[in-house]
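Colleague: Could you take a close look at a single helix for me, and then connect what you find with the parts around it?

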Amino acid sequence: MSKRRAFISQTLGIAVLGGSVPSFLASAVDAQPLPQLGTTLDPDNVLLVIQMGGGNDGLNTVVPYSDDNYHRVRPVIGIAQGDVLKIDDRIGLNPVMAPLDDLFKEGKVAIVQGVGYPNPNRSHFEATQIWETASPENPVSYGWLGRYLDRVVPALKIGAAKPPDPPQGSDPGEIFAGVTLGDTVPAAMIAQHVDVPAIGALNTFGYNSGKDSASKTTAGTLYDGARPGQSPYLSLIETTARNAMHGGDVLRAKIASFQNAVTYPSDPFSAQLKVAAQIVGAGVGTRIVFVSIGSFDTHAGQRAQQDRLLGYLATGLHAFYSDLAAHQLQDRVLAMTFSEFGRRVAQNASNGTDHGTAMPLFIVGGKVRGGVYGDHPSLTDLDNGDLKYATDFRSVYATVLERWLGHDPSDVIAGNFGSVAFV
Amino acid sequence: MKLDTSTDPQVGFRPPGPLEAATALDRYDGDFTRRHAAHLLRRAGFGGTPSEIDALASLGASAAVDSVLHPSGDEVAFAAYPDPALLYDDKTRNATAQNWWLDRMLRTRRPLTEKMTLFWHGHFATSIRKVPAVLMVEQIDLLRTNALGNFRTLLVSISKDPAMLVWLDNRYNNKLHPNENYAREVMELFALGLGNYTEDDVKNAARAFTGWTVDKSLAAVYKPALHDDGPKTFLGRSGPFGGEDVVDIIAQQPVHQRFICRKLLEFFVYSDPEPELIEGLARTYALSGYDLAQTVGTILRSNVFFSTRAYRALPKSPIEFTIGLLRLMNVSEVPKDTIGWLQRMGQEPMAPPSVKGWDGGPTWINTATLLARFNYVNRLVKAAPPRPPSEAPPQMTGTTATSATMTAATMPAGTTTGTAMTAAAAAATFPAFTPDDIVRQSGGLNAGRVLAAIVADTVQDDVTGDVRRTLADYLQSTGASLPTPFGPENYQEKIRGALALALNLPANQLN
């Protein structure tokens, strides 16, 4: 811990981007000094990463409503000035995001404008890889969150010497350090040594043998009784299988004591957030939770599709924040969105938008320094018809690593991209 | 020049014990049991049924490897393409292409060729997420055609393959605006490895590959007007090189020979092979003029391949696990939801995570992927076809091994025989390897012999006594879900349950 504190005090001098802050918040934010990280960083801080899959259109999320160019290039799908939830005299939120606007007014939301990277890639697959590995130039095997977990969690995988965990009621320890809510582990969470469970649904996470309960009991016994193997792979498989067999039961038992304090909406994204709140509340040693919502790939008929999804995002996050606040946990969780790219400035012939570049990110949490960071990208100074980015996404990652998780960003992300003062 | 293995996650997973380097690649002529035969079928294919294992075991090592390298009999008459109506429809194209290949893996009578096709797919890792499905189908065909051919020919062919030209952007590489993506990956990932070339080599190779592009219909074309025919310096040689010259120079590098042989050894033998073993195989590879059949043949015939250090020393990849399971269970058609399960297991075919392919080794194994394996087994093995209405359960035999009164000859018509099989016959994705087969093999409804058959058929007896006792307890368990011990009224469910448990043992996760 002392090493970590020393590091943080050295890096506090890093240049931060100035925020353009709504008037009713400006004085408060300006007056507020940067937090003393060494004393306020909670080792139990949790990062919730929200993937907005498909490429979210930033211009209809944080709307530059006072810019005539916006209405000119989006005659059909543009959001009328009178409908926007105004943040200042230039920008405002899509009206379906009223619940998030409420949190913004409470100072719990930061908006980072114009996030991207050099030579942007417009392929879903490749751009997603770039965002999730934080390595635009070279393909790498492990995600940025996976690399963080590899650094902070004791190696489980090469744990041939590790004694078997007691099967029931034991401390789940490191096995839930990173949790994916979904069927598959995204590239961002792929680690070299740390096992990241993918939990599709809490009640079915585990060994499913249907009505044959004897099969499940026996399967657990088979792996509990396994002798330490000679092959390094045998040890790895046995250790992992024990976690797989018992992890779900341990997690469900721990979570049983946590009651969600609010009723979540019924969409799949909110269902993930409900479980995320349970995992945070249960105290199973989780540092990173990964959730996703999609698809934002709105090539045609954008308004209906994107508005529905942004509505899910805003209502879900509001419910999640309220749930945490009811348990006094809102200061321990920081939520962060990302998407593989924004979309083109002009609408296309199908009342949609095609793949573009920079977009805004949202940061939500009790400790967030609310406000807008960075200027809205110009709609006229374009790069090949697309928005120019102003903030490298790796500076946002570096910020949450350093100022939320208390970890040296250079240990995880190649290059120095500075930080943003949202936390 | 030397191999950079610093980013290989399989380092650290070499089996314990010393390598007998002097004789490691000499021909193996020792015992050849069912376990040796099953090992050969798993590594050089996707595993086998008990009868295939028995047949191979009777041949002895030399003839068995011959039969794997040079299969006799005709190949299944596979269609050249999937149904175009599905392959060109945005909604169905990816799954159509993927299932088309999985079906081939399941039913081929040339499993080694298909296994090598899978190897090259992981090596020249191209993804359907960027490349149209029809081009992926054609690339897999190209890999299959060259799977056991000549590496130089393969590398030239893949450099001109439309899927690759799209995937790594060589379609945009021209003399005015060179695109280095393909040239870089040829050296870093396909043939030499990091640290064995310079940035100048990348630039010069990119210039050499200019002109190899695709036309509007995405067919491969060479456009001389786009080609840079100026002088180039590449890996110490100079000349007005084109793409084929670059491939030739690459193949001649000793470090290339070690690079490709190390990867083959990690695929067929064990993780992180010793440098002496790599050197030995690299000599064979170079002397053969980059002939892959000879190189792979040398591996499969070798002492080290049949050594105890190599036995069950690799984790099965998800595709090996899945296709092996379907083959063992005699399923005639890949269940349609298998692609989704393979995603959860971490290896969706035609969709490697990046141009680096799948890292394999320890990265196959985590709680999410293991649970997907377990639950895929449970779902497949325990999904019983509807029982024909006329079927009566067989009778219990005596409790001693010799009192088998119920034999195959006297059993009532089961789900695979007789007249009442309409429902089952339609359900091609249900296992044809049924509890009744196990009962028949065991000579009757005797729990001990049924268990012995299950353990022999699934993991070739690679279990401890404790595991056997635990499985026996399961057959006789009287839990709420199966309230009576093994008997005529519940043998179907009990055998399915025990089969699933055996297939979920650690031994079946290992190849």
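Modeller: In this predicted model, helix α11 of chain A covers residues 302-326, and since its 25 residues at 1.5 Å a residue should span 36 Å, the 36 Å found between its end C-alpha atoms agrees with what is expected. (The span is counted as 1.5 Å times one less than the number of residues.) After α11(A) comes Gln328(A), a residue with a positive phi, near 55°.

Phe320(A), whose number falls within the range 302-326 of that helix, leads us to the interior, for it is one of the residues in contact with Ala276(A) once neighbours within four places in sequence are left aside, the others being Leu48(A), Leu181(A), Val289(A) and Val291(A). Ala276(A) is itself among the four residues that touch the most other members of the largest nonpolar core, together with Leu48(A), Leu334(A) and Ile363(A), and that core holds 273 residues. The core also draws at least three residues from each of the two domains of chain B, domain 1 (28-300) and domain 2 (383-387 + 414-509). The C-alpha centres of these two domains of chain B lie 39 Å apart.

As for the contact between the chains, it takes 48 residues from chain A and 48 residues from chain B. On the side of chain A that touches chain B, the elements giving two or more residues are α6 (124-133), α8 (213-224) and α9 (232-255), and of these α9(A) gives the most, with eleven residues. Sorted by class, this side of chain A has 21 nonpolar, 19 polar and eight charged residues.

How values were computed. Residues are numbered from 1 along each chain as its sequence is written. Chains are lettered from A and ligands numbered from 1 in the order in which they are written. This is a predicted model: local features need pLDDT of at least 70, side-chain atom pairs count only at pLDDT 80 or more; totals for chains, interfaces and linings use all residues. A nonpolar core is a set of buried Ala, Val, Leu, Ile, Met, Phe, Trp, Tyr and Cys residues joined through C-beta atoms within 7 Å. A residue is buried if 20 or more other C-beta atoms lie within 10 Å of its own, exposed if 12 or fewer, and partly exposed in between; C-beta atoms are placed from the backbone. Domain bounds come from an automatic or database domain assignment. Two residues are in contact if their C-beta atoms, placed from the backbone, lie within 7 Å. Helices (H or I, at least four residues) and strands (E, at least two) are DSSP runs, numbered from the N terminus. Ala, Val, Leu, Ile, Met, Phe, Trp, Tyr, Cys and Pro count as nonpolar, Asp, Glu, Lys and Arg as charged, and the others, Gly among them, as polar.
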